[in-house]
Amino acid sequence: MPSKYRGIRRFAFALAALAGLAQTPGDALAAASDWAVEEQVKVRLLAAGNAAAAETVKLGLEFDLQPGWKIYWRSPGDAGFPPAIDWAGSRNLASGEIAWPVPHRFSLFGLETFGYGDRVVLPIEARVENPGEALSLTAAVDYLICEEICIPYQANLSLDLPAGPESRSPEAFLIESFSRQVPGQGAERGLSIETAVLTGSLEAPVLTVTARSETPFSEPDLLVEGPPGFSFAKPEVTLSEGGLLAEIRVAASGAQENQVLEGKQLTLTVTDGLRGLEQANIARFAELPEPEGLAPLALLGILGLALLGGLILNLMPCVLPVLSIKLLSIAEQGGRERRQIRASFLASAAGILFSFLVLASAAVALKSAGMAVGWGIQFQQPIFLSAMALVMALFAYNLMGFFEVPLPSFIGNLGAGGPDRGLLGNFGTGALATLLATPCSAPFLGTSVGFALSRGAWEIYLIFTALGIGLALPYLLVAAAPGLASWLPRPGQWMITLRRVLGLLLAGTAVWLLSVLAVQVGMVAALIAGGLLFGLGLVLWAGPNLMPKQRLATPAAAVVLALAALALPAGLRTESALRSDAALESAWRALDTAAIGALVRDGQVVFVDVTADWCITCQVNKKLVLETDTVTERLAGDDIVQMRGDWTLPSDAISAYLASFQRYGIPFNAVYGPGAPQGIALPELLTTDAVMAAISEAAAPAIAETATTEGGS
């Protein structure tokens with residue numbers, strides 16, 4: 001620690017001693033525990049008051065170290081671990097949270113660590129369960145001290161504060177002086193962060209921060225806390241404007257190949273001497289650099305995965321409505337000419353490819369605008385859900401015979417899809433197949449989409465085209481061999497029954513879409529939309545019989561109801577579209593990426609599930625794997641913390657978290673632990689064996705304890 005800062009901190013201790021001498025005899029009782037003494041350090045617990053009189057009690061954990069020895073900050077850097085307190089055995093204590101004064105940077109043999117030397121007090125805010133009653137504190141403090149070697153210690157401290165009126169103890173000034181050194185959340189320390197962006201390349205990013213000070217900087221520094229698996233070099237600092245502006249550049253690197261910092265959450269702490277400013281930040285490039293070129297064989301491999309992923313998408317449960325339309329379309333080809341069959345299926349394939357190119361264009365545009373991109377994110381928008389529910393309802397009513405031509409003819413064309421209805425209807429069937437397939441993440445699909453969305457524009461178009469070809473392969477197969485359609489029986493009475501069954505399936509899809517809409521806009525708005533769609537069905541079914549002479553009445557009423565069902569839900573957000581953490585099952589915590597590292601360091605396994613109500617594959621994973629007795633029992637273990645991220649509504653934090661694994665769609669599951677601090681990403685379709693194996697691997701102890709082998713780091 002620089003001598004001038006050591007002097008400032010010793011001066012704080014001297015002032016604290018003088019403040020203690022100034023106390024009246026009645027207040028002179030020290031509110032401090034006995035020292036826990038070791039050869040290199042002594043530790044004690046302090047209180048700012050002589051009694052527990054309020055809901056919160058200000059405490060301090062004081063370390064007095066021999067010269068050359070140090071303890072660690074909350075984020076120790078390349079080695080070490082910070083002090084931790086176990087309050088088990090305390091009475092009338094609800095919680096105790098440590099605040100961390102500005103640390104000092106220690107650079108040794110290329111390792112960067114952060115901590116404190118000499119003497120330091122870590123302020124603690126303790127919340128009591130019953131204000132006004134006595135507080136009995138029992139603290140087991142685990143800490144690591146280092147010089148040329150590192151030694152872990154545990155200090156057992158106790159301090160009793162009686163009930164009574166609030167009064168300052170002699171230690172109050174000392175605790176307050178170090179509390180003022182805790183980095184602030186705003187500009188109260190005379191510091192501000194103007195910009196924080198990534199520069200360089202995706203493979204070798206450099207975090208560039210510009211910070212401003214009300215007084216000239218003396219020794220500015222930047223401490224970067226990121227997700228597990230990333231390290232940050234010693235910063236390069238350039239001062240300008242008479243020392244009031246500092247540009248700080250920090251090179252970042254991942255422990256594993258292909259780890260990407262873009263999109264991850266960072267905590268930035270700008271320091272200058274003993275003052276500091278803390279700010280949360282999402283790592284973003286000012287302009288995302290084009291990635292390096294990809295080897296042709298590697299690109300061909302990705303295209304092969306995309307083709308296979310699109311093909312498998314036909315079998316996913318969320319494509320059941322598409323399969324029903326496809327089945328009806330094939331059935332209606334019985335007895336048709338080969339030329340007509342080929343043209344109709346080619347039109348459907350064209351609709352699929354066109355829709356995938358539209359999705360690719362939207363992805364390129366969103367990336368260029370710096371917005372979050374993900375597979376299926378359109379299902380996070382109420383207007384899209386309303387439109388899809390309306391389309392599904394119209395298809396269902398058409399298949400069940402509620403209307404044929406009263407509404408504009410193209411709607412009937414889309415619903416039936418036969419060749420005599422024109423190529424536009426078949427093209428629309430293909431487009432609908434793509435839209436309804438996007439909530440699903442099939443095997444190989446997540447890999448190919450994640451790769452595409454992390455690359456440049458031409459790769460996005462190329463891979464999305466391969467996905468479209470994969471989804472369109474069944475149509476292309478029939479187009480290439482129209483004789484396949486002749487295997488089906490010719491149209492007859494059985495078609496009427498089939499149409500009714502498929503209509504019910506599509507009506508069920510509309511109900512499912514409304515249930516997702518209820519999460520986003522509230523139950524009342526979704527019920528109103530459902531009532532309007534039901535009313536639309538009644539008008540289409542009964543209107544021609546009730547008003548046979550008024551030919552325009554039924555279409556007009558239908559159009560009004562359809563437009564109302566489309567527009568009203570987005571404008572009736574009376575119940576808030578935001579979910580609270582309380583909506584999660586009791587066994588699951590809300591996803592907190594910042595807490596994962598600390599939990600892993602404590603030996604815990606963290607199981608992450610990112611899901612959404614519109615993701616049918618997610619629901620399948622829950623029913624077939626996550627909610628089975630074997631997996632549920634293992635996840636309920638004392639060594640596992642369950643975290644769930646709900647992506648039903650847009651969330652920049654979840655988008656950034658997915659992007660950190662180069663994933664842009666869900667379902668997504670990952671397991672962290674001592675044996676896998678960077679996390680193990682699971683496949684899109686879960687199996688019990690895959691989940692149990694990942695938990696076992698993550699729960700395995702780390703190969704080596706860095707803190708005890710990196711002496712003096």
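Is I469 buried, partly exposed or exposed, and at what relative accessibility?

## A nonpolar patch on the surface

In this predicted model, I469 counts as partly exposed because its relative accessibility is 32%, a value that lies between the cut-offs of 20% and 50%. I469 is found in helix α10, and together with L307, L308, L311 and L473 this isoleucine makes a nonpolar surface patch of about 330 Å².

The elements that give two or more residues to this nonpolar patch are α3, covering residues 296-313, and α10, covering residues 457-480. Of the contributing elements, α3 gives the most, with three residues.

## An exposed tryptophan

W541 has its place in helix α12, which covers residues 523-546. With a relative accessibility of 53%, W541 counts as exposed, because the cut-off for that class is over 50%.

In sequence W541 and F402 are 139 residues apart, whereas in space the separation of this pair, taken from C-alpha to C-alpha, is 4.6 Å.

## Salt bridges across the structure

A search of the whole structure finds 14 salt bridges. One of the pairs is formed by E225 and R74, whose closest N and O atoms are 2.7 Å apart. Since E225 lies in strand β14 (residues 220-225) and R74 lies in strand β4 (residues 70-77), this pair ties together parts that are 151 residues apart in sequence. E225 itself counts as buried, because its relative accessibility is 16% and the buried class takes values under 20%.

Salt bridges also link R44, E62, D64 and R119, and these residues are joined in a network.

## Salt bridges of E627 and D639

E627 forms a salt bridge with K623, and the closest N and O atoms of this pair are 3.7 Å apart. The partners fall into separate accessibility classes: E627 counts as partly exposed at 45% relative accessibility, while K623 is exposed, with a relative accessible area of 60%.

The side chains of D639 and R634 also meet in a salt bridge, with an N to O distance of 3.2 Å. Here D639 counts as partly exposed at 26% relative accessibility, and R634 is likewise partly exposed, with a relative accessible area of 24%.

Terms used
Residues are numbered from 1 along each chain as its sequence is written. This is a predicted model: local features need pLDDT of at least 70, side-chain atom pairs count only at pLDDT 80 or more; totals for chains, interfaces and linings use all residues. Side-chain values use heavy atoms; hydrogens and water are left out. Patches are made of residues with over 30% relative accessible area and no salt bridge: like charges are joined within 9 Å, nonpolar side chains (Val, Leu, Ile, Met, Phe, Trp, Tyr) within 5 Å. Accessible areas come from the Shrake-Rupley method with a 1.4 Å probe; for residues, only the protein chains shown count as cover. A salt bridge is a side-chain nitrogen of Lys or Arg within 4 Å of a carboxyl oxygen of Asp or Glu. Helices (H or I, at least four residues) and strands (E, at least two) are DSSP runs, numbered from the N terminus. Buried means under 20% relative accessible area, exposed over 50%, partly exposed in between (1.4 Å probe, protein chains only).
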